[in-house]
Amino acid sequence: MTEASLPELDPVIHAQARLRVTVALAGLHHGDQITFPRLQQLLDMTAGNLSTHLRKLEDAEYVEITKAYEHRTPVTLVKLTAKGRAAFESYTTALHRLLDATGGS
């Protein structure tokens, strides 16, 4: 593999915090959602930090954020979109190709 043929990693997903968010959301069944506080707890991130990274993923149309009410209490739900799932699959494929190019296992 030449240097020119090395795959690019999606910069939207590649940032550590956004990669963790994307991995967490990709672990859900297709179409499933998670509440913002549960995602925050899983990732041990501050609300502000998680919001910032979710906004970048939302701008790329990789996540969908929905505001709703449950028992008259506002709740924010987050899910990975089909575009986000495809981007994550492409990201992992590219990462595997990069790692394979080093000859390591």
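**Figure 1. V75 in strand β3 of the predicted model.** V75 is found in strand β3, and the view is taken from a model that is predicted. With a relative accessible area of 12%, V75 is buried. Once its neighbours within four places in sequence are left aside, V75 is in contact with T35, T66, K67, A68, Y69 and E70. Of these partners, T35 is 40 residues from V75 in sequence, yet the two C-alpha atoms are 6.9 Å apart in space. A second distance may be read from the same residue, since the C-alpha atoms of V75 and E58 are separated by 17 Å, with their positions 17 residues apart along the chain.

**Figure 2. The protein chain as a whole, as a setting for the close-up views.** The secondary structure of the protein chain comes to five helices and three strands, which follow one another along the sequence in the pattern α-α-β-α-α-β-β-α. Taken along the principal axes, the box filled by the C-alpha atoms of the protein chain is roughly 60 × 25 × 25 Å. The protein chain has 105 residues, and buried residues make up 31% of them. Among the contacts in the protein chain with a separation of 6 or more, 56% are accounted for by residues 24 or more positions apart. For residues 24-99, UniProt lists "domain: Winged helix DNA-binding" in an unreviewed entry. The span of residues 24-99 is 55% helix and 24% strand, and its end C-alpha atoms lie 22 Å apart.

**Figure 3. The crossing of helices α2 and α4.** Helix α2 comprises residues 16-26 and helix α4 residues 47-59, and their axes come within 10 Å and cross at roughly 75°. Because of this angle, α2 is roughly perpendicular to α4. On the side of α2 the contact is made by A17, R18, V21 and T22, and on the side of α4 by L50, H53, L54, K56 and L57.

**Figure 4. E58 in helix α4.** The place of E58 is in helix α4, where a relative accessibility of 34% makes this residue count as partly exposed. Leaving aside the neighbours of E58 within four places in sequence, the residues in contact with E58 are V63 and I65.

**Figure 5. The salt bridge between K83 and E61.** How many salt bridges does the count come to? The count comes to one salt bridge, in which the side chains of K83 and E61 meet at 3.4 Å, N to O. The pair links distant parts of the chain, with K83 in helix α5 (residues 82-101) and E61 in the loop between α4 and β2, 22 residues apart. K83 counts as partly exposed, at 46% relative accessibility. The backbone of E61 also deserves attention in this view, for E61 is not a glycine and yet has a positive phi of about 65°.

**Figure 6. H71 in the loop between β2 and β3.** H71 lies in the loop between β2 and β3, the latter strand comprising residues 73-80. Most residues other than glycine have a negative phi. In H71, a residue other than glycine, phi is positive and near 55°. Is the residue buried or exposed? With a relative accessible area of 78%, H71 is exposed.

**Figure 7. D10, a buried acidic residue in the segment before α1.** D10 is found in the segment that comes before α1, a helix comprising residues 11-14. At 18% relative accessibility D10 counts as buried, because the cut-off for that class is under 20% relative accessible area. Which side chain of opposite charge is nearest to D10? The nearest is R18, which is 7.5 Å away, and D10 has no salt bridge although it is buried. The distance to R18 does not meet the criterion, because a salt bridge needs a side-chain nitrogen of Lys or Arg within 4 Å of a carboxyl oxygen of Asp or Glu. Leaving aside neighbours of D10 within four places in sequence, D10 is in contact with Y62, A87 and Y91. The C-alpha atoms of D10 and N49 are separated by 20 Å, and the two residues are 39 residues apart along the chain.

Definitions and conventions. Residues are numbered from 1 along each chain as its sequence is written. This is a predicted model: local features need pLDDT of at least 70, side-chain atom pairs count only at pLDDT 80 or more; totals for chains, interfaces and linings use all residues. Side-chain values use heavy atoms; hydrogens and water are left out. UniProt positions are given in the numbering used here, feature names are shortened, and annotations may be inferred rather than shown by experiment. Helices (H or I, at least four residues) and strands (E, at least two) are DSSP runs, numbered from the N terminus. Buried means under 20% relative accessible area, exposed over 50%, partly exposed in between (1.4 Å probe, protein chains only). Lys and Arg count as positive and Asp and Glu as negative; His and the chain ends are not counted. Contact means heavy atoms within 4.5 Å. Axes are lines fitted to C-alpha atoms, for helices over the stretch in contact, and angles run from 0 to 180 degrees between N-to-C directions. Angles under 35 degrees count as roughly parallel, over 145 as roughly antiparallel, 65 to 115 as roughly perpendicular and the rest as oblique.
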